[in-house]
Amino acid sequence: MLVGLVASTALALSACGGGTTGSSGESAGPGAKAAQGGTLQVLQNAAYSHLDPARGFDGGVNNFYRLIYRTLTTQGAAPGADGTKIVPDLATDTGKPSDGGKTWTFTLKDGLFFETGAPITSADVKWGVSRAWDPEIGIGSPYAKQLIEAPASYQGPYKSGDLSTIATPDAKTIVFHLKKPFADFGSVVAQNTFTPVPKGQGAGNQLDSKPISSGPYKLAEYKPGASLKLVRNDKWDKKTDDVRTANPEAFQWTFGLDPATIDERMIAGQGTDADAIAGTIQAASVARIQTPQLKQRTMTGINGCTTYMGLNTTKKPLDNVKVRQAINLAINKQTVRDADGGSALAEIGTSIQPPTVAGRVDYDPYPSPDHKGDVEGARKLLTDAGFASGFTMTLDTRAQPKMQAMAVAIQQALEPLKITVKINTIDTATYYEVIGTTSQQHDAAITGWCPDWPSGATFLPPLFDGRNITTKGNTNLSQLNDAGVNAKIDEISKLTDVQAANAAYGELDKQIMALAPVVPLLYEKVLMLVGSNIGGAYLHDGFSGGIDLVSVGLKDAGK
Amino acid sequence: MTRYVLGRLGSVVLILLAVCLFTYLIFFKLSPDPAVMICGKTCTPDRIDSIRNVLGLNQPLLSQFWEFLRGIFVGRQYGSVHCPAPCLGYSFQTNESVWSMITARLPVSVTVAVGAAVLWLLAGVIGGLVSAIKQGTWWDRSAMALALGGVSVPNYVLALVLQYVLVVKLQVLPFPAAVSFVDNPVVWFESYLMPWVVLAVGYACLYARLTRSNVIDTLSENYYRTARAKGLSGSLIMRRHALRPALTPITTIFGMDFAGLLGGALITETVFGLNGIGKLAADSIAKNDQPVIMAVTLLAAFFVVIGNVVVDLLYTALDPRVRVVST
Amino acid sequence: MLKKDKGALACLAFLAIVVLMAVAAPLITKLSGWGPYQFDSAATNSDLGGVPHGALGGISGSHWFGVEPQNGRDLFARIVYGARVSITISLSATLLTGILGVVLGMLAGFYRGWVDQVISRLMDFLMAFPALIFMIAILSSLPAGNRPVLLVVVISAFGWPYLARVIRGQTMTLANREFVEAARASGAKGTQVVFREILPNLRGSIVVMTTLAIPGYIGTEAGLSFLGVGVSPPTASWGQMIASSVSWYSVDPMFFAIPGAFLFLTVLSLTVLGDKIRTMVDQGVAA
């Protein structure tokens, strides 16, 4: 998923967690057992983009959706790798393939109800999925549209009616016909688009203001941009759900808070703030949470995304692989990390895929002492390439202090090579539109990528498949179109064994980095402070390192 | 008189229309394509085209502008989304009608503006008056020196200093939050106190200087001396003959300043994280959310222009000399 | 008269220092040893989010005003270079508003009729505009380009009506005076009368209005940079420095205090001097 990521780390409760959960497991910390009941507070800067499951699509909102929506399958509810394992949710299993993986059949559990009391049937699931084809609604997860067969003119159930390629032979069974075999379809049906919506409902922006819950909570009050309250949905039956603990009685969000104010409130932890969770703290607050009491309330882990600088291989002199390698060697990743908030907020990136991706290999193709940049080695490469006297390049960056600080760090690191970096600041709203339009993109851009689920399949092909280069909405920022890489991508996509495929992506990562189309900069971390009364909290690898909302609760619900 | 008022209102409508058209033209080219915004992250050129069609973005600029104006009075349909009248546009970034975003935030801005205005009027006029009466004393000199200093502090610097000292260091005030008065009057007062003070300081200093020089001027004028010679008592002269002419210009300036603030105190609201119109403006500018920027600009211009008219009418009522000319 | 006023002298001295800093910035930073863009990672603690080592924001023999958190850039060098930006932009904006305001104000006041109508309506329109909102909206959506020039243009575009209004009024009064009538009677053309007879008589007001405008524009530039639409990185400006210090003020108050103090003192000095000049002009006119 193209990432709002880097910008939103401080803002949204985006998250991702990681295996390195700070103090979980210790009885006193946020990992302590949560009791039933109480109201859990969430302090947030940015509000959720959409409440409609076909529209929202990022780590933060995906995490939130699990409180009100259920999908055919879902990710596990546990720290570490268990969190990214796909488990059944509405369905009784993770799907039965037939026709060589081209047809997939799922059976619904018994005792499933919407908040209205109406039973959840396969027709409702189909209705929900087919909304993904609506041009105005289906703007979230693209996988249903990409994989499921459908007439080219199909525009969702409101405009085009029934979708014949999804069959519902009875109220409990749903059958998907795919365009071509897809081994990991069991993971795909965990995407938000596979949320049931009562047949006939959800047109326009109905669900954005009033979601129809299938999960343990339902919407009680929503003031866009200001606050949101969820209360228990009594039509949800715990016995049908092995994933959600759903401890609190209610969740209360406050949006639009200034990040510095959130940090102050979380540090003070007064009143109901003891029952609160919030997003990653600001760099300036790191020094303030070093006391033993606060450390005990701290949770940290990497967010599962990679922040990188794309080098446009169609521009001179970046079309020269030696020049790109020189840039890779010269960049001082320490100063880039300092710009992002230092070692507490990011790890230094060396490979394209972040550590949470299955099959990822830890290696550093362009090493330098302490990652501070190897200027001499870079100069040698540049001299070989005929650019000893340097050149000028333009670096696109977002109008956001952290991103600009990283750009300045890169500018400084390349200065000794006589490479003049001009920083082109683009406002946040249009940034991805501009850099995704090949005619408007400059020489380089700082951006990030998060996998849609932690596998190489959602990381390397979208960024480096040369046949995916489009004039608009392009994600292959380096515009790399290398025959070897393309062939390898095709070869891996034919593998039916998911594990073997992931291992192969790990090797492909190295093959791509030899061409140096990007400079991996950082693996950002989440670092959050939770209230002293928070229990059952762990960082979830599948949700950009956010605290898993379906498991967190209050230690003492009576307070 | 009625004709005069009607004429003024006519020019108000004209200016607002001009502001509207100008903003529309400027941002028409500069702002991001709403179709791309709606289309989201996984977008294809075909989808963008179909959304543009639905939203009428393919029509010529002027007919789109006409649609916008019409929407204010009769509401508008954006694809499947309905925006009821008065429709100032629809924000596809927040999925809200701009009108409801503005009405939700206006009370905060009004609270900030009214509180600050009360403070600066009291402090400014009283301070200036006392200085004028005690002209040349140490009180006068130090008050005026202080006023010069107050005028020179950029309000965000003052805001940050106050926040650091009162909230972070001394912890006598909480971090400002837009609490409603009904929910918790104490927190309400504590929250708005710093924004009020920060906004008021600059104006209070200006007003103090202005009041002082106006009063000193009037005190030296002929009719005042005449009144004195007639044997009228000091306080009566002060009220009737010195204060009224000295304060009339203040009313004019106050009307304009206050109207300007109703459109949102951008910097103060941003620094203190108060969700008013000013912060809405700053946020939408950061996100380049064009419909909201448009509406906020229009709203602020509306207050200023209306403020202008009110001040003119008030001025006519206060100063008999103007009345003769205008009727 | 200025010589006897200690306050005014102090202001003058402070302004002289700031101007000197701005003019001789490269020389001064050569002496102090750090450039405005040079990183010093050793001066900050990466593990603590990049907070400067040492007390008072890292003030030391090598970093006289301490360092910027995270990247360790020298604050002294950035203050010195920031003075350049503030002064260049505010002086250019003052010059441009001065020219626009005086010329348009005189034209409107002298010719009256439709010229006056057009210019006055334009002024009404510009003054009704929420200038700050509009300035940041325009600046944030325009491509980066040459930021300082853009800032000057935008500030001036919304600034000139305030000067023009005063000039227009005074021109209207002057136009009826005998010496203007005399010049006209002797066959001088309109433009000649405007620039030879009326302009010299407006000198006093122009000097006062422009001196008082400079601190305003310094504040505006800093404000726009504070709101993130001013000069683009890595260029230093006082407003930009204050903006980046916002999140740090509780951990590293000096990072905020130093640029804040410079901005305040500069604006204060200019205001005090402008005030003095006004008093002098007023008394001169009265005498």
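This report looks at where chains B and C meet, at the nonpolar core, and at one residue of chain B. Keep in mind that the model is predicted.

Let's start where the two chains touch. On one side there are 34 residues of chain C, and they are in contact with 31 residues of chain B. Four helices of chain C each supply at least two residues to the side that touches chain B. Here they are:

| Helix of chain C | Residues |
|---|---|
| α4 | 113-128 |
| α5 | 131-141 |
| α8 | 190-226 |
| α10 | 253-286 |

Which helix gives the largest share of that side? That's α10(C), with ten residues. As for the kinds of residue on this side of chain C, 25 are nonpolar, seven are polar and two are charged.

Now for the inside. The largest nonpolar core holds 311 residues, and the members that touch the most others are A:Met309, A:Ile410, B:Val296 and C:Ile242. Helix α3 of chain C, residues 75-111, gives the most to this core: 17 residues.

Zoom in on B:Val296. Leaving out residues up to four places away in sequence, B:Val296 touches B:Gly264, B:Ile277, B:Leu280, B:Ala281 and B:Ser284, plus C:Ile133 from chain C.

Finally, have a look at B:Gln77, which sits in strand β1 of chain B, residues 76-78. Why does B:Gln77 count as partly exposed? Because B:Gln77 has 15 C-beta neighbours inside 10 Å, and partly exposed lies between 12 or fewer for exposed and 20 or more for buried. From B:Gln77 to B:Ile102 it's 25 residues in sequence, and 19 Å in space from C-alpha to C-alpha.

Conventions: Residues are numbered from 1 along each chain as its sequence is written. Chains are lettered from A and ligands numbered from 1 in the order in which they are written. This is a predicted model: local features need pLDDT of at least 70, side-chain atom pairs count only at pLDDT 80 or more; totals for chains, interfaces and linings use all residues. Two residues are in contact if their C-beta atoms, placed from the backbone, lie within 7 Å. Ala, Val, Leu, Ile, Met, Phe, Trp, Tyr, Cys and Pro count as nonpolar, Asp, Glu, Lys and Arg as charged, and the others, Gly among them, as polar. A nonpolar core is a set of buried Ala, Val, Leu, Ile, Met, Phe, Trp, Tyr and Cys residues joined through C-beta atoms within 7 Å.
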